[in-house]
Amino acid sequence: MPETSKKEGHSSDQRYEVFNREFMPHIDSMYNFAFRLTMDEDDAHDLVQDTYLKAFRFINSFEVGTNAKAWLFRILKNSFINDYRKKSKEPSKVDYQEVETTYNSEDTPDSAHTVDLRADAVQDLIGDEVANALNALPVDFRTVIILCDIEGFTYEEMAKILDIPIGTVRSRLHRARNLLKEKLKSYAGSMGYDI
Amino acid sequence: MNTPNINPVESDCGGKAMKHTCEHHEECMKIIQLILDGEATEVEKDHFRNNIDICLPCIKSLELEKCIKDSLCNKIEKRPCPEKLVALIKEKITSSEE
């Protein structure tokens, strides 16, 4: 992200005005995204703070009228990868490349991952159970589901946030949902729901 | 007494044959997700409209995908950002300008 000289951009008052009007309304979504990535309150706190300070420092690179939420999510995602992922407290993390390679393997066609699960069984699950199933996914699969289903980003916005082609967004999301269904099925079964 | 249709492949549905198996279900699943995400092309929407009323596995999958999407959006707790963090961020950007 190129840093623009303050002299070439907004005045100090304008920077505060843009920051408060464009960036602050998204702070709850940002905090939730950070918490779901790190699964730790302190790390989420630090990640949001770092992201907003970076956003302010580089505010002249933000084009007013464009999608501030996607811009902020992109900064947060990059900060997470660069600064937090290595020291994440997430237990038993699965390497994304390993998972994606497995799912892309010709020996494991997509049809092998069709999960037999009834909508009623999912309806019976409470929020914590759905959250646990989501949290059990490798972080890159978890991320696409959060961005699409919880935050409502379009595939094009997700492609920009994640720096990947739209085709990869589609395939990663599809695989993530298959994995999530497996987790939900496992939760529903362990709760004694009729799956 | 009516005898239920036990043909595992097709049954009658208002004059149309209801399919009980889907020979291209994985592709249909991808299209169902694109439809629910609002990302389907016109061709994909046409495929969906032509099949969804007559394919039982696809009807069930549509219900499941909808239910999962709704659960993710509405059931999972959304935490407000702590007020002390909001205050700290504002304080830090103010001091960075000084």
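Here is a short walk through a predicted model of a complex, starting with chain B, moving on to its contact with chain A, and ending with a helix pair inside chain A.

Before anything else, a look at confidence. For the complex, the predictor reports an ipTM of 0.82 and a pTM of 0.83. Within chain B, the mean pLDDT comes out at 85, with 82% of the residues at 70 or more. That confidence isn't spread evenly, though: α3(B) has the highest mean, 94, while strand β1 of chain B, residues 10–13, has the lowest, 55. Then there's the start of the chain. Residues 1–9 of chain B have a pLDDT below 50, and that stretch makes 6 contacts in the model beyond near neighbours in sequence. Where pLDDT is low, the predicted coordinates shouldn't be read in detail.

So much for confidence; what does chain B look like? Chain B is built from 4 helices and 2 strands. Trace the sequence and you meet the strands and helices in the pattern β-β-α-α-α-α. Chain B has 98 residues, and 19% of them count as buried. If you take the contacts in chain B between residues at least 6 apart in sequence, 47% of them join residues at least 24 apart.

Now bring in the partner. Where chains A and B touch, 35 residues of chain A and 28 residues of chain B take part. On the chain B side, the elements giving two or more residues are α1 (25–36), α3 (56–74) and α4 (83–97). Of these, α3(B) supplies the largest share, 8 residues. By character, the chain B side of this contact divides into 13 nonpolar, 12 charged and 3 polar residues. Remember that α3(B) is also where confidence in chain B is highest.

Finally, step inside chain A and find two helices: α2, residues 27–38, and α8, residues 139–150. Their axes come within 10 Å of each other and cross at roughly 155 degrees. Because of that angle, α2(A) is roughly antiparallel to α8(A). The crossing itself is right-handed. Which residues of the two helices meet? From α2(A) come A:F33, A:R36 and A:L37, and from α8(A) come A:V139, A:R142, A:T143 and A:I146. Sorted by type, the residues of this helix-to-helix contact are 4 nonpolar, 2 charged and 1 polar.

Terms used:
Residues numbered from 1 in each chain as written. Chains lettered and ligands numbered in written order. Predicted model: local features only at pLDDT ≥ 70, side-chain atom pairs only at ≥ 80, totals over all residues. Contact = placed C-beta atoms within 7 Å. Nonpolar A, V, L, I, M, F, W, Y, C, P; charged D, E, K, R; others polar. Axes fitted to C-alpha atoms, helices over the stretch in contact; angles between N-to-C directions. Parallel < 35°, antiparallel > 145°, perpendicular 65-115°, else oblique. Left-handed = near helix turned anticlockwise from the far one by under 90°. Buried ≥ 20, exposed ≤ 12 C-beta atoms within 10 Å, placed from the backbone. pLDDT = per-residue confidence, 0-100.
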